[in-house]
Amino acid sequence: MKKHAFLIATIYLFAFMQSSYAQFNKNVVIAHRGAWKQANLPENSLASLNHAAALGCHGSEFDVHLTKDDIMVVNHDKDFYGIDIESATYQELLAKKHPNGEKIPTAEEYLREGMKQKKTKLIFEIKTAKAGKERTLQLTKMSVDLVKKLGAEKWVEYICFDYDAGKLIHQLDPKAKVAYLNGDIEPAQVKKDGYTGIDYHFSVFKKNPSWIKDAHQVGLTVNAWTVNDAEEMKSLLDQQVEYITTNEPELLFEILRKKKS
Ligand code: MG
C-alpha cells in the first residue's frame, strides 16, 4: 500500500515538473539584445524582448548596468542616448526615451515582462563596470538577488565578460546556468571554475577549431555570438553548437526550416 502511494506521488511530481519546466522553445536561436532589427524596434527594449518571444526564440539576450544610485537598468551601450549610465542616477536617465516611447527598462521591469511568457529564456548579461571589479561584482550579486527575489531562476541564464563575475554567480546560485563571453580561456578551465557554458565570438572557434568539441566533452554548452551571416550560421549548426546569438533571428529560423525540409 505504501509503495503504491509512493508510486502515485512520483507520477504526480513528474507530471508537475513536466508542466512547469519543460516548456521553453527548443531551438538554437538567441535574439541579441532582443529581436529588433527587422522589426525596427529599439535594442534592449521591452518591445524587442516581446518580439523575440513572438518569433519563438529559445532565448532573448539583454545587457544590464548599474546606475550611480544602484539601480540595475537594461541597455547595451554605456550611455543611454548620451547620458553616461554609471555616473547618472536612474531619475536622470528618465530624461531620455527610446524612439518607440519606452523609458530605459530596469532589470526588474525587464524580468517581470519576460516572465509573462514561458517559452523564451532571458539571457542576462552582467556588463563589466568602468568603475572597476568591485562595482562589477556588486552588480553581479544584486542581479542574482533580484532573480531570486522574483523567482525568475527558471527563465534566467547568465552571461558575462568578467571571469570573476561568473564564478561569483556559481557561488551564489550553484544551479544557475552561466556562460563566459570573453573567448580567452579554454573550455576545461571554464568548466572547472563552475561555468555551464562558453559563449564566444564565432571567430574564436575558427582560431581554436577543437574548442566546440572540447566544450561538449567536458559538458559545457556552446553559444556563438554575434552571427548574422547565413554561411557562418550553417557552419556552426554543422558543428552542433547549442545556441547562436544573432541580430537576425528570422534568418536563422529560415535556415533551420530549410535544413529540416
Ligand atoms: Mg550583450
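These exercises work through helix packing, aromatic pairs and single residues in a predicted model.

Residues are numbered from 1 along each chain as its sequence is written, and side-chain values use heavy atoms, with hydrogens and water left out. In this predicted model, local features need pLDDT of at least 70 and side-chain atom pairs count only at pLDDT 80 or more, while totals for chains, interfaces and linings use all residues.

**Exercise 1. Helices H2 and H4**

Task: Describe how H2 packs against H4, and find which residues make the contact.

Solution.
- Step 1: Locate the helices. H2 covers residues 46-55 and H4 covers residues 107-114. Helices (H or I, at least four residues) and strands (E, at least two) are DSSP runs, numbered from the N terminus.
- Step 2: Recall the description. Two packed helices are described by the angle between their axes and the distance between the axes. Axes are lines fitted to C-alpha atoms, for helices over the stretch in contact, and angles run from 0 to 180 degrees between N-to-C directions.
- Step 3: Read the geometry. The axes of H2 and H4 come within 10 Å and cross at roughly 25°. That makes H2 roughly parallel to H4. The classes are: under 35 degrees roughly parallel, over 145 roughly antiparallel, 65 to 115 roughly perpendicular, the rest oblique.
- Step 4: Give the hand. H2 passes H4 in a right-handed crossing. A crossing is right-handed if the near helix is turned clockwise from the far one by less than a right angle, and left-handed if anticlockwise.
- Step 5: List the contact (heavy atoms within 4.5 Å). H2 gives Leu46, Ser48, Leu49 and Asn50; H4 gives Glu109, Tyr110, Glu113 and Gly114.
- Step 6: Sort by class. The residues of this contact divide into three nonpolar, three polar and two charged. Ala, Val, Leu, Ile, Met, Phe, Trp, Tyr, Cys and Pro count as nonpolar, Asp, Glu, Lys and Arg as charged, and the others, Gly among them, as polar.

**Exercise 2. Helices H4 and H5**

Task: State the angle class of H4 and H5, then sort their contact residues.

Solution.
- Step 1: H4 and H5 pack at an angle of about 40°, with their axes 11 Å apart.
- Step 2: That makes H4 oblique to H5.
- Step 3: The crossing of H4 and H5 is right-handed.
- Step 4: From H4 come Ala107, Glu108, Leu111 and Arg112, and from H5 come Leu146, Val147, Lys149 and Leu150.
- Step 5: The contact of H4 with H5 has five nonpolar, no polar and three charged residues.

**Exercise 3. Helices H5 and H6, with Thr136**

Task: Find where Thr136 sits and which residues it touches.

Solution.
- Step 1: Thr136 is in H5, residues 133-150.
- Step 2: H6 covers residues 163-172; its axis and that of H5 come within 10 Å and cross at roughly 35°.
- Step 3: H5 passes H6 in a right-handed crossing. Thr136 is one of the H5 residues in this contact, and Ala165 is one of those from H6.
- Step 4: The contact of H5 with H6 divides into six nonpolar, two polar and four charged residues.
- Step 5: Leave out residues up to four places away in sequence. Thr136 then touches Ile126, Lys127, Thr128, Ala129, Asp162 and Ala165.
- Step 6: Thr136 is buried, with a relative accessible area of 1%. Buried means under 20% relative accessible area, exposed over 50%, partly exposed in between (1.4 Å probe, protein chains only).

**Exercise 4. An aromatic pair**

Task: Classify the pair of Tyr180 and Tyr200.

Solution.
- Step 1: A search of the whole structure finds twelve aromatic pairs. Rings of Phe, Tyr and Trp (its six-membered ring) pair if their centres lie within 6.5 Å; planes under 30 degrees apart count as stacked, over 60 as edge-to-face and the rest as tilted.
- Step 2: The ring centres of Tyr180 and Tyr200 are 6.1 Å apart and their planes stand at 80°, so the pair is edge-to-face.
- Step 3: Tyr180 lies in strand E8 (residues 178-180) and Tyr200 in strand E9 (residues 197-201), 20 residues apart.
- Step 4: Tyr180 is buried at 2% relative accessibility, and Tyr200 is buried at 0%.
- Step 5: Tyr163, Tyr180, Tyr195, Tyr200, Phe205 and Trp211 form one aromatic cluster.

**Exercise 5. Two loop residues**

Task: Asn40 and Tyr81: is each buried, partly exposed or exposed?

Solution.
- Step 1: Asn40 lies in the loop between strand E1 (29-31) and H2. Asn40 is exposed, at 69% relative accessible area.
- Step 2: Tyr81 lies in the loop between strand E4 (79-80) and strand E5 (83-84). At 39%, Tyr81 counts as partly exposed.
- Step 3: Check phi. Asn40 has a positive value near 55°, and Tyr81 has a positive value near 45°.
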